[in-house]
Amino acid sequence: MATLRDIQRRIRSVQSTQKITRAMKLVAAAKLRRAQERILSARPYANKMAELLSNLVSGAEDPGHPLLEQREGPRRQIVIITADRGLAGAFSSNIIRRANELIRESSSAEITLVVVGRKSRDFFRRRTYTIKRDLVGFWDRLAYTHASELADYFMQQFLDHEVDEVFLLYNEFRSPRHVRMQVWRALMESAAGEHGARMTAMEAATKNAKDIIGILTIQYNKARQEKITKELLDIVGGAEALKQGAEA
């Protein structure tokens with residue numbers, strides 16, 4: 001059975017963890033608010049751009065631009081966007097799981113990957129997939145230039161006939177400006193999603209710590225009461241023994 005000192009030590013340890021998770025939740029909440037402001041301002045433009053592109057492609061027999069060309073070649077490139085850090089629940093693992101499903105379901109014989117974020121990079125580089133490019137360590141300074149850099153790379157790959165299709169997990173893109181905006185939106189959506197997932201995970205961890213502290217406090221009080229009761233019984237027993245000795 002754990003001693004009073006052991007229980008006190010565990011309570012202090014959980015309380016320290018609770019302080020850390022509470023602080024991380026507050027930081028994630030602040031970052032989430034900033035990310036939401038950015039994505040809410042960009043989302044209408046990105047949606048309108050996608051709608052405009054769809055109308056142009058559906059209404060024209062001749063694509064009129066090499067990036068609008070529809071190919072049936074086997075070379076497919078999949079862009080997988082995850083976080084750099086953990087402690088965000090299943091945020092990155094869900095993306096990686098979906099990417100694996102997409103790869104298994106694909107009939108393409110030649111699949112290459114572009115991994116964004118350390119979680120996807122570390123996962124896929126330990127496997128046999130071909131990683132053409134990775135981008136990590138930029139989330140805290142996320143800017144439109146990151147989206148532009150990636151989009152320009154995808155477009156050049158397509159124009160050079162090194163790939164026939166490029167997927168952002170499930171979204172296909174085919175227009176110069178549209179590509180940049182959709183990649184920019186995807187990066188911001190991912191950043192906001194990571195902060196939200198981390199805030200939720202830290203809130204759950206903080207609540208779990210509170211529950212553990214409550215259980216340990218009950219154990220401590222019970223052990224302390226048992227110790228006091230035992231000491232009182234020892235005192236009473238000693239007093240009775242002295243009384244009996246005096247009477248004898």
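Ile228 is placed in helix 5, where helices are DSSP runs of H or I with at least four residues, numbered from the N terminus. The model is predicted, so local features need pLDDT of at least 70 and side-chain atom pairs count only at pLDDT 80 or more, while totals for chains, interfaces and linings use all residues. Residues are numbered from 1 along each chain as its sequence is written, and side-chain values use heavy atoms, with hydrogens and water left out.

Ile228 counts as partly exposed because its relative accessibility is 32%; buried means under 20% relative accessible area, exposed over 50%, and partly exposed in between (1.4 Å probe, protein chains only). Together with Leu232 and Ile235, Ile228 makes a nonpolar surface patch of about 280 Å². Such patches are made of residues with over 30% relative accessible area and no salt bridge, with nonpolar side chains (Val, Leu, Ile, Met, Phe, Trp, Tyr) joined within 5 Å and like charges within 9 Å. Accessible areas come from the Shrake-Rupley method with a 1.4 Å probe, and for residues only the protein chains shown count as cover.

Met181 also has its place in helix 5, which covers residues 176–247. Met181 is buried because its relative accessible area is 10%. Its C-alpha atom is 9.3 Å from that of Arg43, although the two residues are 138 apart along the chain.

The whole structure holds 12 salt bridges, each a side-chain nitrogen of Lys or Arg within 4 Å of a carboxyl oxygen of Asp or Glu. Three of them are listed here.

| Salt bridge | Closest N and O atoms |
|---|---|
| Lys25 and Glu203 | 3.9 Å |
| Arg125 and Asp122 | 3.5 Å |
| Arg198 and Glu194 | 3.0 Å |

Lys25 and Glu203 form a salt bridge that links distant parts of the chain, with Lys25 in helix 1 (residues 4–58) and Glu203 in helix 5, 178 residues apart. Arg198 and Glu194, in contrast, both lie in helix 5, 4 residues apart, about one turn of the helix. Both Arg198 and Glu194 are buried. Arg125 is exposed, at 53% relative accessibility, and Asp122 is partly exposed, at 25%. These two residues are linked with Arg121 in a network of salt bridges.

Glu194 also appears in the lining of the second largest cavity, along with Asp84, Arg85, Trp139, Asp140, Ala191 and His195. On a 1 Å grid over the protein atoms alone, a cavity is a set of points where a 1.4 Å probe fits but cannot get out, and lining residues have an atom within 4 Å of a point. The volume of this cavity is about 60 Å³.

How values were computed: 1 Å grid on protein atoms, 1.4 Å probe; cavity = no way out; pocket = protein on both sides within 12 Å on 5 of 7 lines; lining within 4 Å. Points joined across faces, edges and corners; volume = space filled by probe spheres on them. Helix = DSSP H or I, 4+ residues; strand = E, 2+ residues; numbered from the N terminus.
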